[in-house]
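Open the model in your viewer and keep the selection tool ready. The stops below are taken one at a time.

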Amino acid sequence: LETLENWVTEIFSEIPNNGLPKPCFHHLTQPFDTPEFHKLYRVVPVRKVHSLNITWALPPQEQYYRVKPLHYISWLVGHEGKGSVLSFLRKKCWALALYGGNGETGFEQNSTYSIFSISVTLTDEGYKHFYEVAHVVFQYLKMLQQRGPEKRQVIWEEIQKIEANEFHYQEQTDPVDYVESLCENMQMFQKEDFLTGDQLLFEYKPEV
């Protein structure tokens, strides 16, 4: 660590600190409020696969990293057990897999907006009924919205424990990738959360 610290000091100490605040783009709201975004697009894939992708542009969520509301929603959407969207679609023989979520960095989450996407891998039969598949997804989200999260703290705590276990027992990563990840975290999180802010859930706030 001493050697690395000396290298960093030698290489970066000559860079002047202009005392400028971190750039903020919160004033650039609704970047996707265009007719082109509110459309259905059919794209012919290179390989034979049927995929339905539904994307929402939401207000910025990066300030809620201690709560991770989109992680909570994606957990419910991506659930595969009884009563889930995927189990229903599989019974109809319409879908093979379903994923929902947000990458929490870069294009998918920043100070201007947050993207939330749900991707459904369809069967040939599901492709014929993709409007119905989309309808089921929206029905499920509407149900979550109406029922609210107040009675679902148990689910949030379950997610929290699983993420904590994955963090504490994770495999060692490539040092270069780890340093890059930490540098990104330093731009987004409080100092005490540099190591954990992108993985752990800290606070349960149903209103968020």
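Start by selecting Lys-68, which sits in the loop between E1 and H2. This is a predicted model, and its backbone here deserves a look: Lys-68 has a positive phi of about 55 degrees although it is not a glycine. Most residues other than glycine have a negative phi. Is Lys-68 buried or exposed? Its relative accessible area is 5%, and Lys-68 counts as buried because the cut-off is under 20%.

For a second case of positive phi, go to Glu-104, in the loop between E2 and E3. The phi of Glu-104 is near 70 degrees, and this residue is not a glycine either. Glu-104 has a relative accessibility of 22% and so counts as partly exposed, the class between under 20% and over 50%.

Return to the E1–H2 loop that holds Lys-68 and select helix H2, residues 69–77. How many of its nine residues are buried? Seven are, so that the helix is mostly covered. Colour them to see the pattern: Pro-69, Leu-70, His-71, Tyr-72, Ser-74, Leu-76 and Val-77. Now show what lies over these buried residues. The cover includes three strands, E1 (50–58), E2 (95–101) and E3 (114–122). It also includes two helices, H5 (130–147) and H6 (153–168).

Keep H2 on display and turn to the second largest pocket, which has a volume of about 720 Å³. Which residues lie nearest its centre? Select Pro-69, Ile-73, Leu-144, Gln-145 and Val-208, out of a lining of 26 residues. Pro-69 was also among the buried residues of H2. H2 makes the largest contribution to this lining, with five residues. E1, H2 and H5 each supply at least two residues. Coloured by class, the lining of the second largest pocket shows 18 nonpolar, three polar and five charged residues.

Next, move to the largest pocket, with a space of about 860 Å³. Its lining has 23 residues, and those closest to the centre are Leu-40, Tyr-41, Arg-42, Leu-52 and Asn-53. Which element gives the most to this lining? Strand E1 does, with seven residues. Both E1 and H5 supply at least two residues to the lining of the largest pocket. By class, this lining holds 16 nonpolar, five polar and two charged residues.

Now select Ser-87, in helix H3. Ser-87 is buried, because its relative accessibility is 15% and the limit for that class is under 20%. To find its contacts, leave out residues up to four places away in sequence; Ser-87 then touches Glu-80, Gly-81 and Lys-82.

While H3 is in view, colour the chain by pLDDT. Helix H3 (residues 85–91) has the highest confidence, at a mean of 97. The lowest is in helix H7 (residues 175–188), at a mean of 91. Over the whole chain the average is 92, and 99% of the residues score at least 70.

For the last stop, select residues 167–207. UniProt, in an unreviewed entry, lists this span as "domain: Peptidase M16 middle/third". Draw a distance between its end C-alpha atoms: they lie 26 Å apart. The span is 39% helix and 0% strand.

Note on methods: Residues numbered from 1 in each chain as written. Predicted model: local features only at pLDDT ≥ 70, side-chain atom pairs only at ≥ 80, totals over all residues. Heavy atoms only, no water. Buried < 20%, exposed > 50% of the residue type's maximum accessible area, 1.4 Å probe, protein only. Helix = DSSP H or I, 4+ residues; strand = E, 2+ residues; numbered from the N terminus. Contact = heavy atoms within 4.5 Å. 1 Å grid on protein atoms, 1.4 Å probe; cavity = no way out; pocket = protein on both sides within 12 Å on 5 of 7 lines; lining within 4 Å. Points joined across faces, edges and corners; volume = space filled by probe spheres on them. Nonpolar A, V, L, I, M, F, W, Y, C, P; charged D, E, K, R; others polar. pLDDT = per-residue confidence, 0-100. UniProt positions renumbered as here; feature names shortened; annotations may be inferred.
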